[in-house]
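User: I would like to go through the labels attached to this model and ask, for each, what value stands behind it. Please set the value against the cut-off wherever one is needed.

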Amino acid sequence: MSARVKPNKLAVRNYCGAALALWALIAWGCRGTPPAATVAPKPVKPQSLEEPSHQLPADFSRAIPVYPSAKIASVRRPKGAMREIFFLADGKLDPMIEYYKAGLDKGGYQITATLKMAARKTWSCDFHKGGQQASVMIFPNEKDNSLMTIDLIYEIPSTATAAADPSFEDFDVIGPGEVAQSAPNQSEKRN
């Protein structure tokens, strides 16, 4: 038979005291640094593609024809160098096509492509002038079939100055230095 060993009361007390001290130290250390405040990100409101006004933008070329009864439905914010304007007008497709063809010709635009889909009552036209690209599409309005939607997309004119024109170069032909000050040799004089 094995003899039962009585634990030493002092050893148990020391062991429990050490465990309690270790637990207190750990608890104090975890509590010592407050957790970083988490800030919820502000909800991002999706930006509208539409401009706040229903006026023709200042960058709109007055040479581009606008159908006489057309009213601006919306003006889109520029996307890159392009801007889109939606008009609503009452009218028939064929007279509108003739108006745009005549107006673009009168405005000095060159029509590069057209497509008429009579069954869908739609017409699209690509045109340009001086490097500025544009297009117009006419189709029945989704909400009111008695109206036509005119979707006009145009390239915003560049506001670059002549100073930024890389085709102009100004060279210093007099300049300092040995080569600039020396007389041309005989082979250069003949040319």
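Analyst: Gladly, with the reminder that this is a predicted model. A suitable starting point is Leu56, which is found in the loop between helix H1 (9-32) and strand S1 (71-75).

User: Why is Leu56 called partly exposed?

Analyst: Leu56 has a relative accessible area of 29%, and since buried means under 20% and exposed means over 50%, the value of 29% falls in between and Leu56 is therefore partly exposed. Leaving aside its neighbours within four places in sequence, Leu56 is in contact with Arg62, Ile72, Ile85 and Phe87, and its C-alpha atom is separated by 9.6 Å from that of Ser74, 18 residues apart along the chain.

User: What makes Pro157 partly exposed, and which residues is Pro157 in contact with, leaving aside its neighbours within four places in sequence?

Analyst: The relative accessibility of Pro157 is 39%, which is neither under 20% nor over 50%, so Pro157 counts as partly exposed. Pro157 is found in the loop between strand S6 (148-155) and helix H3 (178-181), and, with the neighbours within four places in sequence left aside, Pro157 is in contact with Asp59 and Gln132.

User: How do you know that Asp59 forms a salt bridge with Arg83?

Analyst: The closest N and O atoms of Asp59 and Arg83 are 2.9 Å apart, and because a salt bridge requires a side-chain nitrogen of Lys or Arg within 4 Å of a carboxyl oxygen of Asp or Glu, the pair qualifies as a salt bridge. The pair links distant parts of the chain, with Asp59 in the loop between H1 and S1 and Arg83 in strand S2, 24 residues apart. Arg83 itself has a relative accessibility of 8%, which is under 20%, so Arg83 counts as buried.

User: How many salt bridges does the structure hold, and what places Arg76 and Glu84 in this group?

Analyst: The structure holds three salt bridges. The side chains of Arg76 and Glu84 meet at 3.7 Å, N to O, and this distance is within the 4 Å cut-off, so the pair counts as a salt bridge. Glu84 has 16% relative accessibility, under the 20% limit, and is therefore buried, whereas Arg76, at 25%, is partly exposed because its value lies between 20% and 50%.

User: What is the N to O distance in the salt bridge of Lys116 and Asp94, and why are Lys116 and Asp94 called partly exposed?

Analyst: The closest N and O atoms of Lys116 and Asp94 are 2.6 Å apart, and this pair too links distant parts of the chain, Lys116 in strand S3 and Asp94 in helix H2, 22 residues apart. Lys116 has a relative accessible area of 43% and Asp94 has 42%; because neither value is under 20% or over 50%, Lys116 and Asp94 are partly exposed.

User: Which strands are called edge strands, and what makes them so?

Analyst: The six strands form an open sheet in the order S1-S2-S6-S5-S4-S3, with antiparallel pairing. The edge strands are S1 and strand S3 (110-117), each of which pairs on one side only. From one strand to the next the twist averages 15 degrees.

User: How do you know that S3 and S4 are paired?

Analyst: Seven bridges join S3 to S4, which run antiparallel, and since two strands pair if at least two bridges are found between them, S3 and S4 count as a pair. Within this pairing, Ile111 stands opposite Phe127 in S4.

User: Which residues touch the most other members of the largest nonpolar core?

Analyst: The core has 24 residues, and those that touch the most other members are Trp123, Phe127, Val136, Ile138 and Ile150. The elements giving two or more residues to this core are strand S2 (82-89), helix H2 (93-106), strand S4 (122-129), strand S5 (132-140) and S6, and H2 gives the most, with five residues. H2 lies across S2, S3, S4, S5 and S6, running at about 5 degrees to S4.

Technical notes
Residues are numbered from 1 along each chain as its sequence is written. This is a predicted model: local features need pLDDT of at least 70, side-chain atom pairs count only at pLDDT 80 or more; totals for chains, interfaces and linings use all residues. Side-chain values use heavy atoms; hydrogens and water are left out. Helices (H or I, at least four residues) and strands (E, at least two) are DSSP runs, numbered from the N terminus. Buried means under 20% relative accessible area, exposed over 50%, partly exposed in between (1.4 Å probe, protein chains only). Contact means heavy atoms within 4.5 Å. A nonpolar core is a set of buried Ala, Val, Leu, Ile, Met, Phe, Trp, Tyr and Cys residues joined through side-chain atoms within 4.5 Å. Axes are lines fitted to C-alpha atoms, for helices over the stretch in contact, and angles run from 0 to 180 degrees between N-to-C directions.
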